[in-house]
Amino acid sequence: MTSTHQHTCTLCEATCGITVTVDGDRVTDIRGDEHDPLSRGYICPKATALADVHHDPDRLRRPLVKQGDGWREAGWDEAFDLVARRLNAIRRAHGKDAVATVVGNAGAHNLGILLYGIPFLRALGSRNTYSSHSLDGLPHLFAAKHLFGHQLLIPVPDLDRTDLLICLGANPAVSNGSFLTAPNIKARLKGIRQRGGRVVLIDPRRTESAAHASEHLFIRPGTDAVLLLAMVRVLFAEGLVRPGRLASRLDGMAELRAAANDYPPEVAAEATGIPAERIRELARELARTPRAAVYGRVGVTTQEFGGLAAWLLVVLNVLTGHLDEPGGSMFGTPAADIIGLAKPGSFGTFRSRVRGLPEFGGELPMAALAEEIDTPGEGRVRALLTVGGNPVLSAPNGARLDAALPGLDFMVAIDFYLNETSRHADVILPPTAQLERSHYELALAAMSVRNVARYVPPVFRRGHDQRHDWEICLELASRILGGGRLLRLLGRGGPEAMLAPALRAGPYGLRKGRRGISLGMLRRRPHGVDLGPLRRMLPGRLAGKGTRIDLAPHPYLADLPRLREGLAAPRGEDELILIGRRQLRSNNSWMHNSPRLVKGKPRCTLLVHPEDARGRGLAEGDLATLSSTVGEITVPVELTDSIMPGVVSLPHGWGHGRKGTRLRVAAEHAGVSMNDITDDTRVDRLTGTAAFSGLRVRLRAGTGG
Ligand SMILES: Nc1nc2c(c(=O)[nH]1)N[C@H]1C(S)=C(S)[C@@H](COP(=O)(O)OP(=O)(O)OC[C@H]3O[C@@H](n4cnc5c(=O)[nH]c(N)nc54)[C@H](O)[C@@H]3O)O[C@H]1N2
Ligand SMILES: Nc1nc2c(c(=O)[nH]1)N[C@H]1C(S)=C(S)[C@@H](COP(=O)(O)OP(=O)(O)OC[C@H]3O[C@@H](n4cnc5c(=O)[nH]c(N)nc54)[C@H](O)[C@@H]3O)O[C@H]1N2
Ligand code: SF4
Ligand SMILES: [Mo]
């Protein structure tokens, strides 16, 4: 018997509504939900691969316990007992900090992990708390904290009403948007141009998104902060600073002006490769266009000066009066207010043991994890718990982590694949997968291009011998921390029991004598509810610091000399600069076991400009060796003039050829891991974010050795 179910694709930040048709226990069809107020029927090729995950024979459904060189299945009770016993013993012998935790990208897309998993991990009280934030958008959180008082007050470009989008270091045509929930973003970009607006893309590669832009400008990797400072300088120099409604609330104007003064467009042109006159025009265009926004993502945040760059993005929006204005850079107003629920964020309250990298929001940078494990001494990490992350492929110098993990006394992975990371675990606790759990978009709703609310129940009920992520986390908490009865009580209603009051307390909440959003109402409207376009939120939303915005907080000013030194650093003669690249049918490191996503030509290739290839005797399809100070990998070369000369590009998340995984499809399309050559010591020193982009590499024909 077939039935249809509304669900949400939780693979990326677009959160498309899907309609899943099921025949018995089989998924027979997945398509876009035309009645979803945000995605309106749009899906990308990944949504249908949710069926592959659901039916994947390699997906783990019962706990695995390591035994000799192999694994044996275990019951949940035994597995929980073992984990709790071992972690407790390590905590007793070596202290709380000896147990590290990692929450990966899958955590952000999982209601149970957000509501139960993360609070439980925090309750373990370890300083060695890590997440994919420090591999990704941490500079945005850092800017939100320092300018608006809360790490989650992150503005997004109001795409559907803007007339100018200046987009740096993002490839939304492939990524489907990030820190910007905007399904069918290609159509939204097209919309800008159709109403006479412009999209300017600034990227070292003429990406897939360039086809949807009015103009593409090449930029030398890692120099965005310089470009943005020069634009700030032009605004001041030409009297174009007009912050509008917010003008009377701004501090730090003089400091900002002085900082930017060091970066005339001519200096920036030299650094970035963008002509000085074009930089001036860009600043003028931003100031002149009533509805305009500057936006930057991963290419801007995961580089050596990501902190400064993310700050300057906000600064430019403020100076030109585009912050918190329709068509500009605006804040979401989510129905369940995650900003009210989450902590505002802290910075530098403690530092990592080995390198002294600063804490942010209670977490240490992932780039420090390997050294915290493999550097002997008091305070060494001895046990690791991962949830929804695959840091062996995702963290910088993943090879070092790969080598360090066997040195742990104990490791547990909450993951439904036996992959490059979880193979090192002593116990794997597999949670339910995407179609087996309910979903409400808690985190990303705050960065949505339109306010919406959508709750979906599971498509499939979980089997009696399966556990949700939140159940696993809660059970471990009660066994490790005690307080079992209380915690079990907490868990009785599941995430819904926490979501329901959050929705009622939220800005659209159902209250006495007022119609509004409640969980019951959302249950009755499984396509979701439209709550309208983004609204002005300032100054009311400014958290914990009155109603003023300091545009030049000290940590940024103190980081500026590093930018100057970085620009002056000499470059080796035959060096190239490595950047990353996302691909439509990949999802970071973990969807390569889906046959429909990996079919076709091998995709783990190095893009090289023909000029750079010629000098090295490389032709299309040749194998070449790419080396850094950290290691070397061999990859096939793809020649293209869509990349800036001197720059090469490789996708991340490949490298499935390691022994001991259970990913049969992925292993046949193994590729190599970019992070086997990225450098864990290369971080944005301000925020601790991994600097994947802008790595200096050498390239030569032939295989390694
Ligand atoms: N299909 C697919 N979608 C995804 C993902 C995926 O793996 N596959 N991953 C998801 C995740 S976790 C995230 S965080 C988002 C990321 O979403 P995006 O930020 O849109 O991701 P990328 O495609 O990596 O785009 C980064 C761009 O920055 C450019 N770049 C590199 N270095 C520099 C630089 O120094 N300056 C500038 N200006 N540009 C630079 C790169 O060429 C690239 O085009 O995507 C999400 N969506
Ligand atoms: N070189 C380079 N490295 C990068 C990047 C880059 O651009 N270049 N991008 C970085 C970015 S932006 C990010 S976000 C990280 C992502 O890196 P990670 O945080 O490692 O995330 P994924 O690679 O998406 O891996 C997700 C893991 O969660 C598991 N999983 C999937 N769904 C669930 C679930 O519901 N519950 C649980 N418990 N597990 C689940 C999957 O099996 C997989 O092991 O990579 C970073 N690494
Ligand atoms: S864009 Fe694709 S992967 Fe992202 S939510 Fe939509 S269907 Fe899923
Ligand atoms: Mo990410």
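Visitor: What makes a residue count as surrounding ligand 3?
Guide: One of its heavy atoms has to lie within 4 Å of the molecule. Cys 9, Leu 11, Cys 12, Ala 14, Thr 15, Cys 16, Ile 43, Cys 44, Lys 46, Ala 47 and Asn 176 pass that test, so they are the shell around ligand 3. Before you lean on any of this: the model is predicted, so local features need pLDDT of at least 70 and side-chain atom pairs pLDDT 80 or more, while totals for chains, interfaces and linings use all residues, and side-chain values use heavy atoms, without hydrogens or water. Residues count from 1 along each chain as its sequence is written, with chains lettered from A and ligands numbered from 1 in written order.

Visitor: Which classes make up that shell?
Guide: Eight nonpolar, two polar and one charged. Ala, Val, Leu, Ile, Met, Phe, Trp, Tyr, Cys and Pro are the nonpolar ones, Asp, Glu, Lys and Arg the charged ones, and the others, Gly among them, are polar. Lys 46 is in the shell, and Lys is on the charged list.

Visitor: What makes Gly 299 a polar contact of ligand 1?
Guide: A polar contact is a pair of N or O atoms within 3.5 Å (within protein, one must be able to donate a hydrogen and the other to accept it, and sequence neighbours count only if both atoms are side-chain atoms). An oxygen of ligand 1 is 3.5 Å from a polar backbone atom of Gly 299, so that pair qualifies. A ligand nitrogen is 3.3 Å from a polar backbone atom of Leu 584, and a nitrogen of ligand 1 is 2.7 Å from one of Ser 586. On its own, ligand 1 exposes 920 Å², and the protein buries 97% of that, by Shrake-Rupley with a 1.4 Å probe.

Visitor: How do you know where ligand 1 lies?
Guide: Domain 3 (138–334 + 543–557) and domain 4 (570–701) both contribute to its shell, so ligand 1 lies between them. The domain bounds come from an automatic or database assignment. The shell has 30 residues, with Ser 175, Asp 203, Asp 224, Ser 586 and Ser 693 the closest.

Visitor: What is the area that domain 3 and domain 4 bury between them?
Guide: About 2000 Å², 65% of it on carbon and sulfur atoms. Buried area is the accessible area (1.4 Å probe) two parts lose on being put together, summed over both. In domain 3, Arg 205, Thr 302 and Glu 304 lose the most to domain 4, together 29% of what that side buries.

Visitor: And ligand 2: what makes Asp 469 a polar contact?
Guide: An N or O atom in the Asp 469 side chain is 2.7 Å from a nitrogen of ligand 2, so the pair falls inside the cut-off for a polar contact. Asn 419 has a side-chain N or O atom 2.8 Å from a ligand oxygen, and for Asn 110 the figure is 3.3 Å, again to an oxygen of ligand 2. Taken alone, ligand 2 exposes 920 Å², of which the protein buries 98%. Its shell draws at least three residues from each of domain 2 (64–93 + 104–133 + 349–429) and domain 4.

Visitor: Why remark on the phi of Asn 184 or the bond between Leu 538 and Pro 539?
Guide: Most residues other than glycine have a negative phi, and most peptide bonds are trans. Asn 184 is not a glycine, yet its phi is about 55 degrees. The bond joining Leu 538 and Pro 539 is cis, with omega about 5 degrees.
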